[in-house]
Structures are given as C-alpha cells and as structure tokens.
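Biologist: I'm new to reading structures. Could you take me through one, feature by feature?

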Amino acid sequence: MSPNDPYIVKAAEYLLGIAFLLLFVPFWRYATGGVTAAARQPRRVRLPLLDMFHVPAGIALHPGHAWARLSATGEATLGMDDFARQLVGPLKAIHAPAIGSRVVQGQPAWTLKADSRTVNMLSPVTGEIVALNDEELRAPGANHDETYGRWLMKVRSPRLDVDAKQLLADRSARQFLGSSWEELSAMLTPELGTIMHDGGTPVNGFARGIDEGQWDTVARRFLRS
Amino acid sequence: MDLTRRTFFKVGAIGAATLATGGRAEASAAPGVAADAVGMLVDTTLCIGCGGCEAACAEANGLPEPPSLDEETLALRRTTDPRAFTVVNRFAVTGAAEPERFVKTQCMHCVEPACATVCPTRALEKTAAGPVIYHGDRCLGCRYCMLSCPFDVPKFEYDKPAPYIRKCTFCATRQAQGLVPACAEMCPSGALTFGTRAALLEEARQRIYQNPGKYVPHIYGEREAGGTSWLYISDVPLDQVGLKAGLDQEPYPRRAQTALAAVPMVLTLWPPILMGLYALNANRRRDEADPTEETRHD
Amino acid sequence: MTDFAANEPSRAGFLRDKIFLGLSPRQYLRSLLTPWDAVYALVLAIGIPCIVYRFAYGLGAATNLSQTTPWGIWIGIDMLSGIALAAGGFTIAAAVYLLGLEKYHPIVRPAILTGFLGYLFAVAGLLCDLGSPWRLPVPIFYSWGTRSIMFEVAWCVFLYSTVLFLEFTPTLFEWLGWSRARRAMLKLTIGLTVAGVVLSTLHQSSLGALFLMAEPRLHPLWYSSYIPLYFFVSAVVAGMSMVIVESALSHRIFGSQKDPRPHVNLDEVTIGLSRAAGIVLFAYFFVRLQGLVDSGAWHLLPTKYGAWYLFEILGFILVPALVYAHGARTGKVRLLRVTAGWTVLGVVVNRLNVSVIAMNWTLSPHYLPSVIEMITTLTIITAGVVTFRWIVNRMPVLHEHPRYAVAPQV
C-alpha cells in the first residue's frame, strides 16, 4: 500500500473531487449571497417601449409629443414626452422664450438643440410663461424614468379647458404613442435591429439611427414642427 | 516514472473526446521512417578516448578544431555546443577493473524525435533514412526544440545576431553520398559501428549474450524516449557513464499529439455549444419583450 | 463630446480633432508635460536602445539565456502572462454577447482593447525573444509544422489577434466617422465572439500544453498532464481580474470621460466579475490539488520548491478565491480590486514558475534575467500602457460615442 499505488491515487482523486463538491455548495452560497444580493438580482430586461406607453394620470399629450399637466388653478406644466426624448437623443440644450413670453397651442414653444441643428417643439397649450426650469433647459437629462417629472416651463392660461380638448390623455394617449412607435419602427434600418440585439435603444436617438445626415427632418416629421 | 503512461492518457482531460482518439493517434512507432533506417552502436567498453571522432566531426561540419583530449580537457564535463556537435567525456566508475570510461555524446537521432515534432516550421526534420536534419532557412529561433529534447541536444548560436540551431546531423549529406558518418569512419578502436538500426540492435544483443557477465544487459536507446538511432552498451551501470536515466519509453511527441487531438474537437464542438447558448438567451429576451407587444395593441 | 459637432472634418481638422485632442500641436505637446509622461518617456528612452542592442548583438549579449535555459522572462512574462491577462477580451465578449449579461456591456470595449493590445505586445515580446523574428511568417505561410503545439499556438494567436482587431474596428470606425463600415462590422459581432472563444480555448490551453514536452526539466510539483487545463482556467480568472483592475484604473485616470450613462455602475460590474472570478478560482484550486495527487510528488513538499508551490496554490489561488467571495458578498469593492491585482500577480507568478522558476530546477546556478531582459519587458509593458492611453483618449472606448450611443435596459 504505497502512496503511489495507482488504486490509492485514483481513489484519492475521486475523494478530492467529492470533497470539492461538498465544499463548493457552501462556497457558492456564500459568494452569491449577501446583504446586497437583493439589490443585485438581475432585473428583467425592460424594453423602452414599456416606458413610452406609460402615461400617468393627469398628464395630457399633444400630437407634437409635448406633455402638459393641467391644474385647476389655470396653470399648466409643460415638458417633452419620452418618445420625443428617444427620438432626438441627448441634447445640448433647450432654448425657450423668456418668462412673460406668450406660447400658442400648436405653435413652436421651445427649440431642441443637439449638434449644429435644431428642432422646434410645439406648445400643447396657449398662455403666458410664468416659470422656466433653467436647470433642465441648460442640461437636459436623458433618464426616461422621470420624464413626466422634469418639466420645462409653466404656463398660465385663461383657457386651459379649451386647450385640453385638443390633447390626448389615458387610453387615447397610449394609442397615440403606440401608433407613433409603429410609424417609427417601420422606418428602422437593419442597423437598428443590430443595436436592438445589443440589448438597447440608441440613446443618440432613433432619428439619427434612421437618417444620420437628416435626423432633424425625421424628428420634425414626428414632432409636427 | 511508472506514472508516465497513466498521466499520458490523462492529457485528454482538455477534451473528453480526446480520450477516444488521442491515445491511438499514432499507434505505429515511427511514421514515415524506413525499416532499414540507419543507426550507430556505441560500445563504451571499446572507446579509448582518443578524440578522433571529435576532430573528424569538426572537419566534416566546418567547425573549429576541438581541444586535444589531454588531462586538462578530460577533467571537465563537456557538453555539445554550436561549435562542437560531439564531445567525449571521461567518467570515473566503481566496481570495475578499469577505473574510467570514455563516452561520446551527440544527437541521439530519436526514432520519433521530440525536436522535429515540436518545431512549428519543420525546420528540424526526421528523415526516412534515420538522421534528424535541420533546415536553417525555416528556423524561427524559438528554441522550443531545446526545451523539448530529452537529451539536451539542440544548441543555439546565442552569440550571433542571425542565429541558428546547431547539432549533429548524423552526416546526412555524407550518407547520401554513400559515405559513413565522419566519426565512425575515423574511430580507430571499433567503439562506433554504423549500420541499420535493426541490425545494430541484433549486434548489441549478440555482444551482450556472447560475453556473459561483461555487459549490463541493457541497450540504451532501444526504448529510451521511444527509441533512438544511436544505441549504447556498457559494462557499468549506464547512469555512471552519463547516460540519462528515467526517460519515458513512450516517444515524447505522443504527449503533444494527445493534447493536439483536442484541437479539432474544440473547433467542431465549441461553436454549436456557444451558438446554442446564444440562441437560448436570444429566445429569453424575445419572451421578455412579448408583454410589450400586448401593451402596444391594447 | 468634442466629436459631436465635427461632422465633416477637413484634413487639418482631422489632425487637430482626432490626433491632437482638439489642441494645437504646441498645446498638445505641452499637455504631455506630466510626471507620468516623464516616467513613460524615461522608460522608453532607456528601453528602446536596449531592444536595439539585443538585435544588433544577439540574444547572448543581451540576455542570460543559455544552452540549458532557452526560455526566460520574455516568454514567461511578455508572452505567457501577457496572453493570459489578455483573456478578458473573450471572457467579457462571451458574457455579454453570448450569455446576454448586459450588465457587463460597458466594459466590453475596454476589455477587447486590453485584449488586443495584450496580444500585440505579447507578440512584440516574442519578436525580441525569437532568434530570427523576420521568419515569423514562415509557420503561417511557408512551412507548416502541423504536429507542433507551437504551430497551433502561432496560428491561434495570429487568428485571434485578427479577431480582436476586427472586434475593435467598430470603435475605430466611430472615431473615424465611417458609419457604413461600422455598421458592417457590427453584423459580425456574434460570429467574432464565437471565434474568439474557440481560438482562446485552443491557444490558452495550448500555451500550457507546450510544457508537456518539458517534463524532464520541469519540477514535478508544477509538471502535470493537466497543465493545458490549468492554463486555460487560470487565463479565464486572469482575464476577469485584469478587467477589474483595468476598469478601476481607467475609472480613476480617465475620470473626465467617465461614462455619463446613469445605468453604468462600475461597482456592480466589479462585484459581479469578482464573484465569477472567485468561483472559478475556487475550482481551479481543486484541480491544482488533483494534479498534486496525481503527480505523487508529495515528498517534494517539504523542500524550498515545495514551500514556494504551497505559497502559490494557497496564497495566490485559495486565499484570493475566499477573499473574492467575501468581498462580493459584502460589497467591499476596494477589497475586490486589491484581490484582483493580487490574482493577476498570481497568474504571472504561475507562468513564471512553469516557464522559468521551476524549469531546470536541478540546474545550478539557476537562470536569472539580465538587466536588459528586465528593461525590455518593462519597456514593452510601458509601450502597451501608452498605446492604451493614446487610444482611450481619442476613441470611444470608455464612453460611448454620442452618435452611436446605446442605452442597455438593465
């Protein structure tokens, strides 16, 4: 029974393998467990579409993809919806008229600036600008989780209830976003398919994905400006 | 080294499939080597340490003249080098009438040489006739042959900006002209016998049988490293005269061949496995995208 | 964001925008006057003449290599360790593109760039080591030693370097603004990733298989018929650890181009990679033990080499495995980064053990690298770092090119 007896050696190898298995179970549980584990559970892959179709109560959309939250006091908070953000991608700045200026429903209210080109967005309501979100205008964020929290301007209007009739809410808002998406996806190039397989949407904006050189034209088509 | 055979088969661990194919990858001993391949028998009992073989070798290969085998030179344990393809060393022995033996070393010209097998460019080549020859114009200078040779034979011209591997060629060019190797031609004592390997094995056996008690009953090179073209017999234990003990009896290249047998298996099986994983994940992603589709059409 | 507006750069604009980081040549040169640049310049100023010396006077003059020790640190560190540490390229690419682990998407590009440069400079080290580097094309084009493991390694390294370059081309094309070429290359992503895994499996293990032939020379505690497996598994660990180290360093050094994407959480990436590395390392420890049982070399454990062997498998394998698990469990990112650095060092030590330290172990005096060998190795590593920095400062590696940015939805 020398330690080099091939039968002993083989048995030792098997025993070592079994010992490994026995130790591996606690090791695995230890390594993959822990206090922060819950936070690190892989979340289900969430496509941007889910966000895009979600329109909170109290929010109304304009066909130019601006949103408005109307208050009973005659004041409206305005912003751009998630579709518009994904369409144009990251922005350098948003130009808006000064406080006190007047915006008109369906007329350009603010200007998106990405590279050298700009695209106007239409105002969902008519009224006088009473407040501007300077921070957001100067450095527009990209996180679409809080799209309807990040407003651009507040407008005081005497005829909000009239304007509201031109806006889409709830089911019709969702349908509107759905059809916008369908129109957009029909224009997607195979390259965007490749990007999708990469697991995401182009945050540079679908418009640029569709036509690099003329992205502003594409954007205007959807933003109706 | 009784473990060798077992470990040899286990190289297949890198690919289970290897076990099925690897061990039998090269069942016949020496692929492409003729049955009448040449060899050389060195009878260490006959060598007188004259150094004639060294001088003849140097002349035949255009090498610098070797030192004469005086007491000063023989006191050293010399090795072959880029300027000396063969050297004769003196060994003090115990338990024999004569207190010393002279033993010539050079390339053993293995039947299945490690150096030729490991060479990425076939710069070293085992010829069907027996010699292991060298094509310098292909040599990268990677020196893997030096690392692989169980007899430490290939030597490298470290001192040159454009270096080559140098070693005994068994006088392959002389042999092609019908001449015997220079060392054997010169040897005055009959210590070197040139012939076919098969015949020399027979000759060695006869010498051992016909002189009972004289020789150690072992032909060094018959099985060492899977067999070598150069064969040694001795009247003292072989490790006393500098012949390396403990070498594999399997040819060393077999180890590499077993590992290499995994290559086509990996090439063939990995892509479908990986694409399968990819497809599984792609499907999963599509499934997770589905709820969106419903939302869209509600 | 500087490239954002540069739609159609003129030729002069190209130089200025792409090469000089938007600075004038004078401003650019002045921007190089930093302490680190001075260190790099010093190393290169000493190292390049050393390399010239090696080629002018031969390996014998420049190295301590000998007839008994044909391989030194240029093989042990530059080649074997360099290739092992570059394994992050295929590991991360497979995790993201094949396994769909989107979390690691932001580190694919740095991992692939690290991999590509790792191979490039490993080959640079090899060119220094080869006696006749000008014959490097011989095994590829002229004379095929198909039964040689070295031949297989040469082909795999050649092919995989090409694959890594192709995997890197989308970054390159974004920098150059070649949208169509980029689009074409993106379609090859999956194919290239699979090719990368296959080729890496082959040559990472074959680098170990090289030493199957060295059994008479290699210390029995390091020689094992499992050595191809050891090299492959440890390369996976080394690759992941290297990515942890490299991303941490990049995060600090190139903080100005820190990824603006809100979802990029380097800590999460580090923890995930560490957990994976720890688990693989734990298994690697046990396969090393299998080799020990199998070698029957127990009696060599209570020797100097035995102590060094135990230090390697305990200190560089088992301990980091446990620390990785602990750090991943408790979310101690800094600890994990140190462990990653320690593991990387451990793999380098392993490659040095196999190729240099435990090789020719009965030989006395044992090989020690010459000063020129060490300087050359340092120079090649420095050249790799400088190249990495040059590329990262210009091309969209650590951040996404705004025009092509992708927002993973994890």
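Modeller: Sure. Start with burial: a residue counts as buried if 20 or more other C-beta atoms lie within 10 Å of its own. Keep in mind that this is a predicted model. Now try strand β3 (residues 75-80) of chain A: five of its six residues are buried, so by that cut-off the strand is mostly covered.

Biologist: Okay, which strands does β3(A) pair with, and how do they run?

Modeller: Let's take the partners in turn. Strand β2 (residues 66-70) of chain A is joined to β3(A) by five bridges, and the two run antiparallel. Within that pair, Trp67(A) has Gly79(A) as its bridge partner. Then there's β9(A), which is antiparallel to β3(A) and linked to it by four bridges. Here Glu75(A) is matched with Arg156(A).

Biologist: What sits between β2(A) and β3(A)?

Modeller: Four residues; the two strands form a hairpin. Look in the turn for Gly74(A), which has a positive phi of about 90°.

Biologist: And what is the strand order in the whole sheet?

Modeller: Reading across, you get β5-β8-β9-β3-β2-β1-β10 in chain A, an open sheet of seven strands with antiparallel pairing. At the edges stand β5 (102-103) and β10 (168-169) of chain A; each has a single partner strand, so one side of each has no neighbour in the sheet. Further in, you can check β8 (residues 127-132) against β9 (residues 153-156), both of chain A: four bridges join them, and they run antiparallel. Leu132(A) stands opposite Met153(A) there.

Biologist: How many helices and strands does chain A have in total?

Modeller: It has 10 helices and 11 strands. Of the 225 residues in chain A, 37% are buried. Also, if you take contacts in chain A between residues at least 6 apart in sequence, 63% of them join residues at least 24 apart.

Biologist: Let's do helices. What should I know first?

Modeller: An α-helix has 3.6 residues a turn, so residues three or four places apart point the same way. A handy exercise is to compare a helix's end-to-end reach with its expected span. Helix α3 (residues 35-57) of chain C has 23 residues and reaches 33 Å from its first C-alpha to its last, close to the 33 Å expected at 1.5 Å a residue. Right after α3(C) comes Gly58(C), with a positive phi near 95°.

Biologist: Which helix falls short of its expected reach?

Modeller: Try helix α5 (residues 73-85) of chain C. It has 13 residues, yet its end C-alpha atoms are only 15 Å apart, where a straight helix would reach 18 Å. It's mostly covered, too: 13 of the 13 residues in α5(C) are buried.

Biologist: You've mentioned positive phi in glycines. Which other residues have it?

Modeller: Two to look up are in chain B. Arg122(B) has a phi near 55°, and its place is the loop between α5 and β4 (124-126) of chain B. Phe170(B) isn't a glycine either, but its phi is positive, about 60°; it lies in the loop between β7 (165-166) and α7 (172-176) of chain B.

Biologist: Is Phe170(B) buried or exposed?

Modeller: Count its neighbours. Phe170(B) has 28 other C-beta atoms within 10 Å, so it is buried. Arg122(B) is buried as well, with 22.

Biologist: What about the nonpolar core?

Modeller: The largest one has 195 residues, and Val118(B) and Met213(C) have the most contacts inside it. Helix α12 (residues 227-253) of chain C gives this core its largest share, 15 residues. A second, separate core has 45 residues, including Val88(A), Ile129(A), Leu184(A) and Phe206(A).

Biologist: What does Met213(C) touch?

Modeller: Beyond its neighbours within four places in sequence, its contacts include Ala114(B), Val118(B), Leu147(B) and Tyr252(B).

Biologist: How many residues do chains B and C put into their contact?

Modeller: Chain B gives 53 residues and chain C gives 50. On the chain B side, α11(B) supplies the largest share, 11 residues. By class, that side has 35 nonpolar, seven polar and 11 charged residues.

Biologist: Last one: where should I check the confidence in chain B?

Modeller: Its mean pLDDT is 84, and 86% of its residues reach 70 or more. However, pLDDT stays under 50 over residues 1-29 of chain B, and also over residues 291-298.

Notes
Residues are numbered from 1 along each chain as its sequence is written. Chains are lettered from A and ligands numbered from 1 in the order in which they are written. This is a predicted model: local features need pLDDT of at least 70, side-chain atom pairs count only at pLDDT 80 or more; totals for chains, interfaces and linings use all residues. A nonpolar core is a set of buried Ala, Val, Leu, Ile, Met, Phe, Trp, Tyr and Cys residues joined through C-beta atoms within 7 Å. A residue is buried if 20 or more other C-beta atoms lie within 10 Å of its own, exposed if 12 or fewer, and partly exposed in between; C-beta atoms are placed from the backbone. Two residues are in contact if their C-beta atoms, placed from the backbone, lie within 7 Å. The expected span of a helix is 1.5 Å times one less than its number of residues. Ala, Val, Leu, Ile, Met, Phe, Trp, Tyr, Cys and Pro count as nonpolar, Asp, Glu, Lys and Arg as charged, and the others, Gly among them, as polar. pLDDT is the predictor's confidence in each residue, from 0 to 100. Two strands pair if DSSP finds at least two bridges between them.
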